[in-house]
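Me: I should like to go through this structure by question and answer. Please reason briefly each time and close on the value or name requested.

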Amino acid sequence: MIDYGKWSQPGVPQKGWTCTGSYDSCENGEEIHRVCEMCERQPIRYVHVMGHDDYPGPLECGCDCAAKMGLEYTAGLQAARERERVLKLAAQKRIRDRKRQEAEEQRARERVEALARWEADRLARYEREGGEERSRFADDSGWKTSRRGTPYINVDGYHIVVFERRHGGWGVGISPLLREGETMWGRRTYRTEREARLGAYDALKIMPPPPAAEDFDADPAWIPPLEPMEEEAR
Ligand SMILES: [Zn+2]
């Protein structure tokens with residue numbers, strides 16, 4: 001290699017270079033695309049940046065040339081090899097990290113898909129098994145109208161109202177029959193009264209069984225486990 005490139009170019013120092021840095025030129029998985037600037041021949045991946053007081057600017061070199069260009073060959077070779085070893089370890093770690101990250105992303109995608117499937121199955125089952133019951137609930141003869149004109153129904157220990165919102169649409173409120181004043185107001189707005197009644201059925205389905213009268217005495221602080229809604233403007 002000693003005849004090639006700058007090795008045979010007059011005026012280019014052949015000894016006394018010092019390494020000012022090293023890097024992996026294929027850090028992001030590129031093909032090897034560089035050639036050593038000293039011999040101008042050796043394709044290199046791990047670049048040793050070499051500087052010399054009698055040469056303008058650094059040369060980016062391969063391991064062999066960098067070792068020969070140093071003050072002393074053996075020490076230069078050892079140092080160049082050590083630099084390469086560090087760069088190779090870093091490259092391997094990047095590959096491992098990338099694989100791990102890809103595996104994590106894959107798992108996350110699978111979780112999201114599984115959740116979506118579960119949700120779709122649940123909705124399908126609900127449509128199949130709950131649809132008729134939902135309609136029956138909305139049309140139940142138990143729905144009455146309060147003195148203030150609000151439709152309500154008392155069912156399964158809960159008092160449910162549907163009401164017209166001030167700015168249009170319908171809302172749902174639900175409270176345990178034995179606990180007046182602890183109404184939870186649903187955030188959803190329904191287009192029609194009947195849709196609100198259907199929504200009330202859904203709300204009822206996620207309520208736990210209301211506490212019995214004796215539980216109220218035992219635990220006067222009992223609060224339905226849903227997040228209490230802010231009271232709506234009625
Ligand atoms: Zn070279």
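Me: In which sense do β6 and β7 pair?
Reply: The model is a predicted one. Two bridges link β6 and β7, and in one of them Thr-145 has Pro-151 of β7 as its partner. The sense of the pairing between β6 and β7 is antiparallel.

Me: Which residue in the hairpin of β6 and β7 takes a positive phi?
Reply: Five residues lie between the two strands of this hairpin. One residue there has a positive phi near 90°. That residue is Gly-149.

Me: How many bridges join strand β7 to strand β8?
Reply: Strand β7 covers residues 151–155 and strand β8 residues 158–164, and the two run antiparallel. Ile-153 has Ile-160 in β8 as its bridge partner, and Val-155 stands opposite Tyr-158 of β8. The number of bridges joining β7 to β8 is four.

Me: Is Asp-156 buried or exposed?
Reply: Asp-156 belongs to the loop between β7 and β8, a hairpin with two residues between its strands. Its phi is positive, near 50°, although the residue is not a glycine. Because 12 other C-beta atoms lie within 10 Å of Asp-156, and a count of 12 or fewer defines the class, the residue is exposed.

Me: What is the order of the strands in the open sheet?
Reply: Five strands form this sheet, with antiparallel pairing. The edge strands, each pairing on one side only, are β6 (144–145) and β10 (184–185). The order is β6-β7-β8-β9-β10.

Me: What angle does the direction of α3 make with that of β9?
Reply: Helix α3 packs on the sheet and touches β7, β8 and β9 (170–176). The angle between the directions of α3 and β9 is about 35°.

Me: How far does helix α3 reach from its first C-alpha to its last?
Reply: Helix α3 spans residues 193–206, which gives 14 residues. At 1.5 Å a residue the expected reach is 20 Å, and the model comes close to that. Its buried residues are Ala-196, Arg-197, Gly-199, Ala-200 and Tyr-201. The reach from first to last C-alpha is 20 Å.

Me: Is Ser-175 buried, partly exposed or exposed?
Reply: Ser-175 is located in strand β9. Its C-alpha atom is separated by 9.7 Å from that of Asn-154, 21 residues away along the chain. Because 18 other C-beta atoms lie within 10 Å of Ser-175, and a buried residue needs 20 or more, Ser-175 is partly exposed.

Me: Which helix supplies the largest share of the largest nonpolar core?
Reply: The core has 17 residues, of which Cys-36, Met-38, Met-50, Cys-61, Cys-65, Ala-66 and Met-69 touch the most other members. At least two residues come from each of β4 (46–51), β5 (59–61), α1 (63–69) and α2 (73–138). The largest share, five residues, comes from α1.

Me: With which residues is Cys-36 in contact, leaving aside its neighbours within four places in sequence?
Reply: Cys-36 is one of the core members that touch the most others. Beyond its sequence neighbours within four places, the contacts of Cys-36 are Arg-41, Gln-42, Ile-44, Cys-61, Gly-62 and Cys-65.

Me: Where is Glu-40 placed?
Reply: The phi of Glu-40 is near 55°, a positive value in a residue other than glycine. Glu-40 is partly exposed, with 14 other C-beta atoms within 10 Å. Its place is the loop between β2 (34–35) and β3 (43–44).

Me: In which helix is confidence lowest?
Reply: The mean pLDDT of the protein is 83, and 85% of its residues reach 70 or more. The highest confidence is in β5, at 96, whereas the lowest is a mean of 57 over residues 213–218. Over residues 222–234 the pLDDT is below 50, and this stretch has 20 contacts in the model beyond near neighbours in sequence. The helix with the lowest confidence is α4.

Me: What percentage of the residues in the protein is buried?
Reply: The protein contains four helices and ten strands within 234 residues. Among contacts with a separation of 6 or more, 48% are between residues 24 or more positions apart. The buried share is 20%.

Methods:
Residues numbered from 1 in each chain as written. Predicted model: local features only at pLDDT ≥ 70, side-chain atom pairs only at ≥ 80, totals over all residues. Core = buried A, V, L, I, M, F, W, Y, C linked by C-beta atoms within 7 Å. Contact = placed C-beta atoms within 7 Å. Expected span 1.5 Å × (residues − 1). Pairing = 2+ DSSP bridges. Axes fitted to C-alpha atoms, helices over the stretch in contact; angles between N-to-C directions. pLDDT = per-residue confidence, 0-100.
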